[in-house]
Amino acid sequence: MTHPLDPLTAAEIRQVAAIVRRERDVGASWRFASIELSEPDKGSLPALEAGDLSGRQAMAVCWDRTDGRAWRAVVSLTGGVVTAWEQLPGQYPNMTLDEWHECDQMLRAHPMLIGALERRGITDLSLVLTDVWAYGAALVPERYRGLRLGWSDVWYRDCEQGNPYAHHVTGLHPVVDLNSMRLLELEDSLELEDSKADGAAAGQPVVMGEYSPALMPMPLREVKPLTVSQPEGVGFTLDGRLLSWQNWQLRIGFNHREGLVLHQVGIRDAGRLRSVAHRLSFAEMIVPYRDPTADHYRRTAFDIGEWGLGFMTTSLELGCDCLGDITYLDAVVHDSRGEPRTIANAICVHEEDNGVLWKHVDQAAGAEVRRSRRLVISFHVTVANYEYLVYWRFYQDGNIECEVRATGIMVTSHFADGRQPPYGTLVDQRTYAPFHQHFIVARLDLDVDGPDNTVYVTESVPAAERPDDPYGLGLVVRDVPLRSEAEGTQDYDWATQRAWKVVNDNVLNGLGTRPAYKLVPSGAFPPLLDRSCPAFQRAEVIGHTLWVTPYQQDERWPCGEFPNLSETDRGLPAWTTKNREIANTDVVLWYVFGIHHITRPEDWPVMPVDVVSFWLKPSGFFDRNPALDVPPSGRH
Ligand SMILES: [Cu+2]
């Protein structure tokens, strides 16, 4: 441990679990849902950074599977004791990878499921995959209330190496008690279907669901090699987890839930390190499937709150995931017994060429052109059938870009001849992919030249009729400060090119105006859900593009700490009822963006990346183009 924001090490994770077990009689029937660093409060960081490491703390959430009761422990790592132990009544901690695997094992050995598959002509259980999902409280049948309930799809693949999500066993859904790990009920609508046996299994259509070269019916195209060469090595340095590149500096964090976290992002300007952000991460992801049919009505995923981006992070591979001179960082998470698990090559740091940065050609002076380079910090997440690739990019002109690429296998299901539901797109024989939305909530704790900032909504408006504007050309910018949380709930408006500036009103730039970073929205879309429907009730955050709150150390999860089996959103809508002041204070921005996924045949059998991003751009933060000093690149 070298810095108070460094994630827990494997030894520390083991230590936390041991302390909780010992001090709170946490035995074999218990599970750990999460173990993470209890990040020091912003106010106490300077003292801790100066060398006082005595206060290193961790947080653990665990529950007893015999009674379902959940607890949160705060553990002092230096003192070796539990300092707080709080019950979490009525709360269901996040799903764990162990439960996912154990549930799959249990179901595939269960006589009821084996029988149901047999009736469909599916007898090789090694080709079957079940995939348990979490419930929303409103959809839980009365008889199962209070249980740690899950529901599952059943899938099968054509062969050992085949796509596990190639064939949906439509109409077959186990309902499971995850604490006792028992099958409660097997929903089976086979009798109701009038499907014909025309495929590999009774009632199953013949689909081409393969993406691995050996199984595809077509040859691979030819491509020439393309290599990236950095003969003198990389341009960044990594000191522990402190990353420096050109004028940028930041710390790389990681936890089980948010995955990659960027801390203390600053940029050097005329020799002075200026703060841009205290902490940047993804705080929630909400994926409602917009298909009310029996196979899909429960399908609303909270990929961060239910499953955790850190837990789902996968190892990256040189030359495939990342091209060039790559530096990898491992990540450490844990299993539900509290044993650490290292994810090798979890985070990728590298530089990329990004085309032209700026250019002008003049008859007398000739051409001046600079190539743009960016520093990329990325991690990839596989949530069952789907992947999310997350890239934070830092540019030479002070821009920060956050890009997400969604790929993987879409959820599909089959329908009887001529009976396709209207809630999806036909992608293969009698196979459709339901429409769905991926809402991502980025938590942006910006500190522009210090913590006290004001968010302004900035809009372009045509000037009203004025005597000095006979041609009606005038365009003015209207900046309005957001002073309360109510004013801070903002929606995207194309008509005024609305954006939001995070301004430090206590500082002047060289021009005498206020330094700011502008959140340039894109990838924003409306929920298109009635406010009364359960999916919206659990995730009211998706009702706005932006929320602004005053910094509170414990306000981290916009849909509540435990969205698993939640009824309502206990996060942002609850915090903001106080309508606190947000002007000239330490603000946190919650930006809601993502992918409105109207599925396409081209997304099947594996989806080419769908790319969305938003930008944080300096706006009066610098006095002029901060990339003037970028040198010309050598000609060839
Ligand atoms: Cu999608």
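In this predicted model, a good place to start is Phe-614, which touches Trp-392, Ile-400, Glu-401, Cys-402, Ala-442, Leu-444, Leu-519, Val-520, Ser-522, Tyr-591 and Phe-593, leaving aside residues up to four places away in sequence. Phe-614 also belongs to the largest nonpolar core, a set of 112 residues. Along with Phe-282, Ile-377, Trp-392, Phe-394 and Leu-444, Phe-614 ranks among the residues with the most contacts inside this core. Strand E14, spanning residues 272–288, gives the most to the core, with 6 residues. A second, separate core has 20 residues, including Ile-286, Phe-439, Leu-529 and Tyr-551. Such grouping fits a general pattern: in soluble globular proteins, nonpolar side chains tend to be buried together.

Attention now turns to the metal site. The copper ion has four protein donors, lying 2.0 Å from it: the OH atom of Tyr-386, the NE2 atoms of His-436 and His-438, and the ND1 atom of His-597. Along the chain, these donors follow the spacing Y-x49-H-x1-H-x158-H. Distant parts of the chain are linked here, since His-436 sits in strand E24 (residues 436–446) and His-597 in strand E30 (residues 585–597), 161 residues apart.

Why is the arrangement of the 4 donor atoms around the copper ion irregular? The angles they subtend run from 95 to 141°, whereas a tetrahedral site needs all angles between 85 and 135 degrees. Two of the histidines can also be placed relative to the protein surface. His-436 counts as buried because its relative accessible area is 2%, and His-597 is buried as well, at 2% relative accessibility.

Note on methods. Residues numbered from 1 in each chain as written. Predicted model: local features only at pLDDT ≥ 70, side-chain atom pairs only at ≥ 80, totals over all residues. Heavy atoms only, no water. Donors = N, O, S within 2.8 Å, 3.2 Å for Na, K, Ca; no water. Tetrahedral: all angles 85-135°; square planar, octahedral: opposite > 155°, others 65-115°. Helix = DSSP H or I, 4+ residues; strand = E, 2+ residues; numbered from the N terminus. Buried < 20%, exposed > 50% of the residue type's maximum accessible area, 1.4 Å probe, protein only. Core = buried A, V, L, I, M, F, W, Y, C linked by side-chain atoms within 4.5 Å. Contact = heavy atoms within 4.5 Å.
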